[in-house]
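Please look at the sequence and the model below before reading on. The paragraphs that follow lead through the structure step by step, beginning with a question.

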Amino acid sequence: MPASASEPVSPLRAALLAQGGGVVLVFMLAFALAQLTQLPFWEYPLLPAFLQGATAALIAHWLRAPRWWLPIHFGFAPLAVIVQGFDIAPGWFLAAFVLTLLVFWRTDQSRVPLYLSNRQTATALAALLPTAPIKLIDLGCGAGGLLRQLARSRPDCRFIGIEHAPLPWLLARLRARGVDNLTVRYGDFWQESLAGYDLVYAFLSPAPMPRLWQKARIEMVPGALLISNSFAVPDIAPTGTVDVPDRRATRLYLYQMDKADDSAAFPAICPPPYRQ
Ligand SMILES: C[S@@+](CC[C@H](N)C(=O)[O-])C[C@H]1O[C@@H](n2cnc3c(N)ncnc32)[C@H](O)[C@@H]1O
């Protein structure tokens, strides 16, 4: 059940509740039908599977799950029934699950999946770097492509990436080999202080932006720049924006930390608009 009118249930909990609710309802219906009609209900497993899917999608809708979850809930059980007919060894499903986990890790908690900044974005970012050497961090550096391109174009600057998903981290680590001004670390960027960085780059999702803004305002030094790819900080006017000439019309949101607004008593909710 939603915790409050404005707070949706966590994605994993909503998914479990929706699917579990669907299973319970279909079992109850099947039991009732079997008592009443003596029909061999389970000889046609696609029928209860679709019923379960429809119920799960309805429950997910009621729990205010994002809309793109609804077809997943609807199709999950029917697809499982169909795939069973292909007689695939169970090990393949386990392998697919492990691979997905290694790539996406705890997306259910972070609410940040893996998608990568393109070359045009890296070029636009490189153009924003000052002529003096700086230290830049990519929060959740994925497979490290962006940092590698930047590090090669600016050997005088230091580039750091932090990533918590094992497979992208490993790739980023391998790609950083031989690039002296690039360091890739395994870990959670929420545990990393942003105090030592002149530029913080983030390509995340709408979900963590309010928390990231609070962290940046508390930890980043005056004058330092936070750049968010595609996702603006809600209710905060960016210092500037840069439109990248690529096919997905990438927009970079720039937030420069200001001396005047740098107060330790930064309000936890609804911070004041930043410098326009
Ligand atoms: C959208 S991708 C962006 C990848 C890269 N920054 C780029 O622009 O190409 C976001 C990445 O952040 C990682 N991530 C999400 N939350 C994280 C956290 N708390 N600590 C470290 N990495 C995280 C995800 O695993 C994912 O690889």
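How do the residues of the shell around the ligand divide into nonpolar, polar and charged? In this predicted model, the shell consists of 14 nonpolar, six polar and three charged residues. Altogether 23 residues surround the ligand, and the closest are Ser 117, Gly 140, Gly 142, His 164 and Phe 203. Two elements, helix α7 (145-153) and strand β2 (158-163), give two or more residues to this shell.

Helix α7 can also be followed away from the ligand, since its residues Leu 146, Leu 147, Arg 148, Leu 150 and Ala 151 are buried. These buried residues of α7 pack against the helices α6 (119-128) and α8 (166-175), and also against the strands β1 (135-139), β2 and β3. As background, an α-helix has 3.6 residues a turn, so residues three or four places apart point the same way.

From here the view can widen to the whole protein, which has nine helices and seven strands. An open sheet of seven strands, with mixed pairing, follows the order β3-β2-β1-β4-β5-β7-β6. At the edges stand β3 (182-186) and β6 (240-243), and because each has a single partner strand, one side of each is left without a neighbour in the sheet. Neighbouring strands of this sheet are turned against each other by 20 degrees on average, if direction is ignored.

What does mixed pairing look like around one strand, β5? Strands of a sheet pair through backbone hydrogen bonds, either parallel or antiparallel. Strand β4 (residues 199-202) runs parallel to β5 and is joined to β5 by four bridges, one of which links Tyr 201 with Ile 227. Strand β7 (residues 251-256), by contrast, pairs with β5 (residues 225-229) in the antiparallel sense over five bridges, and here Leu 225 has Gln 256 as its bridge partner.

Is β5 covered or exposed on its two faces? In a regular strand the side chains alternate between the two faces of the sheet. Both faces of β5 are covered, with Leu 225, Ile 227 and Asn 229 buried on one side and Leu 226 and Ser 228 buried on the other. For the protein as a whole, buried residues make up 29% of the 276 residues.

Some residues outside the sheet also deserve a look. Most residues other than glycine have a negative phi, and most peptide bonds are trans. Arg 64, in the loop between α2 (46-62) and α3, has a positive phi near 60 degrees, and Arg 111, in the loop between α5 (107-110) and α6, has a positive phi of about 60 degrees. Arg 64 is partly exposed, because 14 other C-beta atoms lie within 10 Å, and Arg 111 likewise counts as partly exposed, with 14 C-beta neighbours inside 10 Å. In helix α3 (residues 69-84) lies Ile 82, which is 33 residues from Ala 49 in sequence and 9.8 Å from Ala 49 in space, C-alpha to C-alpha.

Finally, how confident is the predictor, and where is the pLDDT below 50? The mean pLDDT of the protein is 87, and 89% of its residues reach 70 or more. Over residues 1-5, however, the pLDDT is below 50, and over residues 259-276 the pLDDT also stays under 50. Where pLDDT is low, the predicted coordinates should not be read in detail.

Notes
Residues are numbered from 1 along each chain as its sequence is written. This is a predicted model: local features need pLDDT of at least 70, side-chain atom pairs count only at pLDDT 80 or more; totals for chains, interfaces and linings use all residues. Two strands pair if DSSP finds at least two bridges between them. Axes are lines fitted to C-alpha atoms, for helices over the stretch in contact, and angles run from 0 to 180 degrees between N-to-C directions. A residue is buried if 20 or more other C-beta atoms lie within 10 Å of its own, exposed if 12 or fewer, and partly exposed in between; C-beta atoms are placed from the backbone. A residue is near a molecule or strand if its C-beta atom, placed from the backbone, lies within 6 Å of it. Ala, Val, Leu, Ile, Met, Phe, Trp, Tyr, Cys and Pro count as nonpolar, Asp, Glu, Lys and Arg as charged, and the others, Gly among them, as polar. pLDDT is the predictor's confidence in each residue, from 0 to 100. Two residues are in contact if their C-beta atoms, placed from the backbone, lie within 7 Å.
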